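Work through the exercises below with the coordinates open, and try each task before reading its solution.

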Amino acid sequence: MIKTNKKEETYYESILRKGYTRRDFMKFVTYMSAFMGLQSSMIGQVAKALETKKRLPVIWEHFQECTGCSESFIRSDHPLAADIILETVSLDYTDTLMAASGHNAEEAKQKSMKENYGNYILVVEGAIPTKDDGVYCTIAGRTAIEILKESAAGALAIITFGSCSAWGGIQAASPNPTGSVPVDAIIKDKPIIKVPGCPPISEVMTGVILHYATFGTIPELDAEGRPKQFYGKRVHDSCYRRPYFDAGLYAESFDSDEAKKGYCLYKLGCRGPVTYNACGFMEWNNGVSFPIKSGYPCIGCSSNEFWDNGPFTERLENVPGFGIENTADKIGKIVVGAAVAGAAVHAVATNVAKRKELKRNECLGEVNEKNIKE
Amino acid sequence: MATATYNYKRVYVWEKPVRIFHWVTVLSTTILIITGFIIADPPAINSNLEATNSYWFGKVRAVHFVTAYILIANLIFRIYWAFAGNRFAKWDNFIPYTKKGIKNILYVLKVDIFLMKDKEHKLSDISIGHNYLAAFSYFIMTLFFFLQVATGLALIADNSSWFLPKMFHFIVPLFGGDTIVRYIHHILTWLFMAFIVVHVYLVLYHDYVEARGEASAMLSGFKFIRSERVDETEEDIIEKTTDQMWEGENDESK
């Protein structure tokens with residue numbers, strides 16, 4: 001089952017061993033290079049790197065999560081994309097997919113971490129609860145915080161796969177009963193590559209690992225720690241329904257004619273204009289579809305605190321702290337209404353309080369009027 | 001008859017650049033509020049046209065962005081004028097850091113906001129340009145304008161190749177995402193509308209109570225102040241202005 005020499009394999013060798021052809025390999029390289037935003041002249045360099053570089057071991061930790069990210073990952077667009085990492089993952093440690101369980105699994109992880117100290121990629125799926133010493137998520141009797149700190153110590157870089165490990169996700173949504181935090185709230189001294197999404201697109205992780213294999217560096221990240229190649233654009237800007245947005249053609253309800261025609265879902269609360277992700281051009285399940293293509297507005301699942309910015313199918317979000325029914329416009333109307341009412345009251349009060357002054361001015365003016373020289 | 005009413009003198013208060021700034025702000029803010037609300041919640045005017053043949057919402061957004069840049073240029077110009085302009089346009093009108101400023105704020109609160117009796121009738125209490133409370137409210141609004149500009153530029157930064165909006169991209173991670181930035185941008189619009197109501201009302205109030213051209217001053221540039229507050233006699237002024245200002249004209253006529 002586990003042969004130690006596989007660890008010394010290059011990516012290319014492991015791909016051939018799995019029964020893929022050179023042609024499959026080159027197709028995969030071309031496809032991934034395009035996703036990574038590289039020029040076509042770089043394909044050779046990526047292929048060369050995969051032929052010569054040793055595979056990076058991957059340790060995959062699961063904390064507070066629903067395993068949806070793993071599900072998304074094994075449905076990767078190109079079978080090789082998943083295989084290339086999954087093989088390493090299943091050999092080393094991922095408690096969902098690996099064959100071993102219990103003590104054997106923990107042992108395998110410890111062994112792999114020791115052997116590859118300072119040289120493995122740590123993938124984290126799920127948020128980490130911190131309340132009450134982290135008792136709300138324990139694996140093999142140890143808390144998530146403890147496990148994370150241990151596996152992060154020897155990691156080359158950390159990929160936070162999914163919105164939970166990147167931002168906190170659903171368990172960190174208000175009122176956050178278990179005090180859940182994202183990985184970067186605990187680990188400060190390692191490069192952290194955020195791959196948010198609920199679930200995220202699996203090619204992003206493959207892309208990050210291939211980028212590291214090819215260039216020896218982690219890809220360029222934006223100010224929030226996400227790889228720019230995949231999170232540089234809003235869903236809105238790569239949406240195939242964008243012409244309907246610019247033309248002002250909107251669906252106002254899900255059962256309308258406009259919805260059937262595929263009009264823009266902006267008025268149904270689509271979060272595309274404020275969400276950064278690659279859904280619009282990479283799509284899901286082998287490029288079959290993505291939420292907007294299936295007629296449902298984007299809920300902004302790769303955005304920070306998206307659970308708290310509901311309701312998902314309405315344009316305006318609730319104002320935090322003002323109760324669930326209050327939208328900004330309601331509050332705005334009250335503020336402007338109060339200003340108008342205040343002005344009206346003040347106007348009446350002015351006529352009362354300053355009546356003597358006003359009366360006097362009027363009288364003086366009248367005297368002047370009578371004395372106008374003809 | 002001399003005791004029946006006062007003599008007033010006409011004073012040039014708002015220079016032309018100040019007045020142009022004011023009306024450009026009025027126009028651009030109005031356009032920005034209208035287009036802003038359309039962008040926030042567009043009416044679904046669904047026609048039989050194909051999307052290819054229609055672009056009205058794109059145009060509304062274009063108008064919003066272009067107007068915003070006009071407003072930004074206008075604000076930058078006004079900051080320059082806060083140093084180059086006359087005494088009523090100077091920056092120190094807007095920040096009440098002096099004893100005089102604070103005293104004036106208390107006076108305006110007392111007499112104009114809470115409508116209490118002005119027992120002393122001191123001429124110096126009546127401001128010639130802005131009163132300090134109004135000016136301070138404009139300063140606060142300017143800060144909100146900056147926040148509005150910064151959030152707006154941050155929202156458009158990813159769609160722009162120009163360095164100016166790109167400079168504001170840091171706002172998005174600072175506030176924690178596009179959703180909250182858009183939210184601040186939206187809610188500030190309501191604040192500006194509330195300000196417009198209060199501002200217009202108070203201008204009309206001053207014009208009504210004091211009757212010295214508060215409202216029309218923003219068109220003509222002139223306000224009227226009691227003649228006691230001006231040093232020179234009428235003869236002096238006429239002599240001086242004839243000498244200096246009409247000199248060129250006189251030369252031509254010769």
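**Exercise 1: The two faces of a strand**

Task: In this predicted model, assign the residues of strand E1 (residues 8-12) of chain B to a covered and an uncovered face, and then establish how E1(B) pairs with strand E2 (residues 222-226) of chain B.

Solution: Begin with the cover on each side of E1(B): Lys9(B) and Val11(B) form the covered face, whereas Tyr8(B), Arg10(B) and Tyr12(B) make up the uncovered one. This division can be set beside a general rule, that side chains in a regular strand alternate between the two faces of the sheet. Next, turn to the partner strand: E1(B) and E2(B) pair in the antiparallel sense, and five bridges join them. Finally, take one position as a reference point for the register, where Lys9(B) stands opposite Ile225(B) of E2(B).

**Exercise 2: Two helices against H9(A)**

Task: Determine how helix H2 (residues 22-35) of chain A is oriented relative to helix H9 (residues 202-215) of chain A, and carry out the same analysis for helix H3 (residues 43-52) of chain A and H9(A).

Solution: Start with H2(A) and H9(A), whose axes come within 10 Å and cross at roughly 100°. Since angles of 65 to 115 degrees count as roughly perpendicular, H2(A) and H9(A) are therefore roughly perpendicular to each other. The residues that meet are Phe28(A), Tyr31(A), Met32(A) and Phe35(A) on the H2(A) side and Glu203(A), Thr206(A), Gly207(A) and Leu210(A) on the H9(A) side. Sorted by class, this contact comprises five nonpolar, two polar and one charged residues.

Now take H3(A), whose axis and that of H9(A) come within 8 Å and cross at roughly 85°. That angle makes H3(A) roughly perpendicular to H9(A). From H3(A), the residues Gln45(A), Val46(A), Ala49(A) and Leu50(A) meet Leu210(A), Ala213(A), Thr214(A) and Phe215(A) of H9(A). By class, the contact of H3(A) with H9(A) holds six nonpolar and two polar residues, with no charged ones.

**Exercise 3: Two single residues**

Task: Decide whether Ser72(A) is buried or exposed, and find which class of exposure applies to Ile102(B).

Solution: First locate Ser72(A), which lies in helix H4 (residues 68-74) of chain A. Its relative accessible area is 12%, and because buried means under 20%, Ser72(A) counts as buried. When residues up to four places away in sequence are left aside, Ser72(A) touches Pro199(A), Pro200(A), Ser202(A) and Trp284(A).

Then locate Ile102(B), which is found in helix H3 (residues 99-113) of chain B. With a relative accessibility of 46%, Ile102(B) counts as partly exposed. A distance completes the description: Ile102(B) and Tyr132(B) are 30 residues apart in sequence, and their C-alpha atoms are 7.7 Å apart in space.

**Exercise 4: The chains as wholes**

Task: Draw up an account of the secondary structure, burial, contacts and surface of chain A and of chain B.

Solution: For chain A, the secondary structure comes to 15 helices and nine strands, and 53% of its 374 residues are buried. Among contacts in chain A with a separation of 6 or more, 72% join residues 24 or more positions apart. The chain exposes about 17000 Å², of which carbon and sulfur atoms supply 56%.

For chain B, there are 10 helices and two strands, in the order β-α-α-α-α-α-α-α-α-β-α-α from the N terminus on. Of its 254 residues, 41% count as buried, while residues 24 or more positions apart account for 70% of the contacts with a separation of 6 or more. Its accessible surface comes to about 15000 Å², and 66% of that belongs to carbon and sulfur atoms.

How values were computed:
Residues are numbered from 1 along each chain as its sequence is written. Chains are lettered from A and ligands numbered from 1 in the order in which they are written. This is a predicted model: local features need pLDDT of at least 70, side-chain atom pairs count only at pLDDT 80 or more; totals for chains, interfaces and linings use all residues. Side-chain values use heavy atoms; hydrogens and water are left out. Axes are lines fitted to C-alpha atoms, for helices over the stretch in contact, and angles run from 0 to 180 degrees between N-to-C directions. Helices (H or I, at least four residues) and strands (E, at least two) are DSSP runs, numbered from the N terminus. Angles under 35 degrees count as roughly parallel, over 145 as roughly antiparallel, 65 to 115 as roughly perpendicular and the rest as oblique. Contact means heavy atoms within 4.5 Å. Ala, Val, Leu, Ile, Met, Phe, Trp, Tyr, Cys and Pro count as nonpolar, Asp, Glu, Lys and Arg as charged, and the others, Gly among them, as polar. Buried means under 20% relative accessible area, exposed over 50%, partly exposed in between (1.4 Å probe, protein chains only). Accessible areas come from the Shrake-Rupley method with a 1.4 Å probe; for residues, only the protein chains shown count as cover. Two strands pair if DSSP finds at least two bridges between them.
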